Amino acid sequence: MPRVLSCIQPTGSVHLGNHLGALINWVAGQHEGDVYHGIVDLHALTVVDTPGLIGDQTVELAAMLFAVGLDPQVATVFVQSHIHEHSELSWIMECTVSYGELSRMTQFKDKSAKREGEFISAGIFTYPALMAADILLYDADEVPVGDDQRQHVEITRDVALRFNHRFGDTFVIPRAVHPKAGARVMDLQDPTSKMSKSAATDAGIVYMLDDNATIEKKFKRAVTDNDGEVRYDRAAKPGVSNLLDILSACSGTPVDTLAASYSQYGPLKKDTAEAVISVVEPVRARYGELMADRGELTRLLRIGNDRARAVAAATLARVHSAVGLLPRV
Ligand code: TRP
């Protein structure tokens, strides 16, 4: 079984796009690989500085990951900052990557340009070194990432190869893989943009913790078009196609079959809302139970953290010995 690592930052609430686009596949994938899922709170620190916020969001995200169906006995779910080896290996990675390489990262260029005149932490710059540490600590064979993160996996490979060349074979060289295609869920108010927490308003975003009435309202108000025809055509009819995609992802029925069975937008919206509610409701219930029982949530996290820590500690020991740091006394 390949060792697979994917990580998620605890920033913002999980929405339907995250769930249908990615998390559902994480749940299915836990039986197809030896999977590690990190909640990367230290990465979130590059952009969040409100006291307490990251911790709250970390516990909420952990509860959500278990609520959607990650089984701590099968998938290793851990919190990045709880495994001190991440920060320690990150420094060694910073000394293995070059200033020039980090300067060429498109994400760094974008993020720092957006923040011009504001505080730009050095963490935004060295972010890929921490990400390389995340990946290499777990001897990951595969890292499923979207296009925006491919460059970070490439730099991880470059750095791992350089390290192995300098200090002898130490790291497994990871590959970026395309995540299994999940549903591409678009904003209900702006169906040409992906559903994303960076949208200007929440009206087109369905959160996993929205109540049923809110979900119904958001679908009722979903943007469609004026021609009144139900047909799947992403370019010409983005709103209607998005509803069909969401309904299909929630019901398992192919879009073409669905499109043929509707002649009006009203019933399509109503049924899509209902299908979404049937997916979201049990997740919300389990999430509520876990958030109300912090002892249990901590117990589940500890299972993953303990497993992650054992692997990470062994890798870091290998690194120290390869570099030839004086053994600890
Ligand atoms: N940079 C990733 C993102 O923003 C998150 C991340 C951090 C990550 N460490 C990782 C993803 C390791 C995969 C593997 O989405």
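# Exercises on a predicted model

A nitrogen atom of the ligand lies 2.7 Å from an N or O atom in the side chain of tyrosine 127. The model is predicted. Work through each task in turn.

**Exercise 1. Which residues surround the ligand, and which side chains come within 3.5 Å of a ligand nitrogen?**

Step 1. List the surroundings. The residues around the ligand are Leu5, Cys7, Gln9, Val40, His43, Tyr127, Met131, Asp134, Ile135, Val143 and Gln149.

Step 2. Collect the distances. For tyrosine 127, the value is 2.7 Å. For aspartate 134, an N or O atom of the side chain is also 2.7 Å from a nitrogen atom of the ligand. For glutamine 149, a polar side-chain atom is 2.9 Å from a ligand nitrogen.

Step 3. Apply the cut-off. A polar contact needs a pair of N or O atoms within 3.5 Å, so tyrosine 127 qualifies. Aspartate 134 passes the test at 2.7 Å. Glutamine 149 passes at 2.9 Å.

**Exercise 2. Where do domain 1 and domain 2 lie in the chain, and how many residues does each bring to the contact?**

Step 1. Find the bounds. Domain 1 covers 3-182 + 294-323, and domain 2 covers 202-289.

Step 2. Place the centres. Taken over C-alpha atoms, they are 32 Å apart.

Step 3. Count the residues. Domain 1 brings 11 and domain 2 brings 15.

**Exercise 3. What is buried between domain 1 and domain 2?**

Step 1. Take the area. About 1,100 Å² is buried between the two domains, and carbon and sulfur atoms give 81% of it.

Step 2. Look at domain 1. Leu16, Met64 and Ala67 lose the most area to domain 2 there, together 43% of what that side buries.

Step 3. Check the polar links. The interface has 0 salt bridges. It has 2 residue pairs in polar contact.

Step 4. Trace the helices. Helix 1 (16-29) and helix 3 (53-68) each supply at least two residues of the domain 1 side. Helix 3 gives the most, with 5 residues.

Step 5. Sort the domain 1 side by type. It has 7 nonpolar, 3 polar and 1 charged.

**Exercise 4. Which parts of the chain does the salt bridge of glutamate 88 and arginine 328 link?**

Step 1. Start with the total. The structure holds 16 salt bridges.

Step 2. Check this pair. The closest N and O atoms of glutamate 88 and arginine 328 are 3.9 Å apart. The cut-off is 4 Å, so the pair counts as a salt bridge.

Step 3. Locate both ends. Glutamate 88 sits in helix 4 (residues 85-94). Arginine 328 is in the segment after helix 13 (294-323), 240 residues away in the chain.

Key:
Residues are numbered from 1 along each chain as its sequence is written. This is a predicted model: local features need pLDDT of at least 70, side-chain atom pairs count only at pLDDT 80 or more; totals for chains, interfaces and linings use all residues. Side-chain values use heavy atoms; hydrogens and water are left out. Domain bounds come from an automatic or database domain assignment. Contact means heavy atoms within 4.5 Å. Buried area is the accessible area (1.4 Å probe) that two parts lose on being put together, summed over both. A salt bridge is a side-chain nitrogen of Lys or Arg within 4 Å of a carboxyl oxygen of Asp or Glu. A polar contact is a pair of N or O atoms within 3.5 Å; within protein, one must be able to donate a hydrogen and the other to accept it, and residues adjacent in sequence count only if both atoms are side-chain atoms. Helices (H or I, at least four residues) and strands (E, at least two) are DSSP runs, numbered from the N terminus. Ala, Val, Leu, Ile, Met, Phe, Trp, Tyr, Cys and Pro count as nonpolar, Asp, Glu, Lys and Arg as charged, and the others, Gly among them, as polar. A residue is near a molecule or strand if one of its heavy atoms lies within 4 Å of it.
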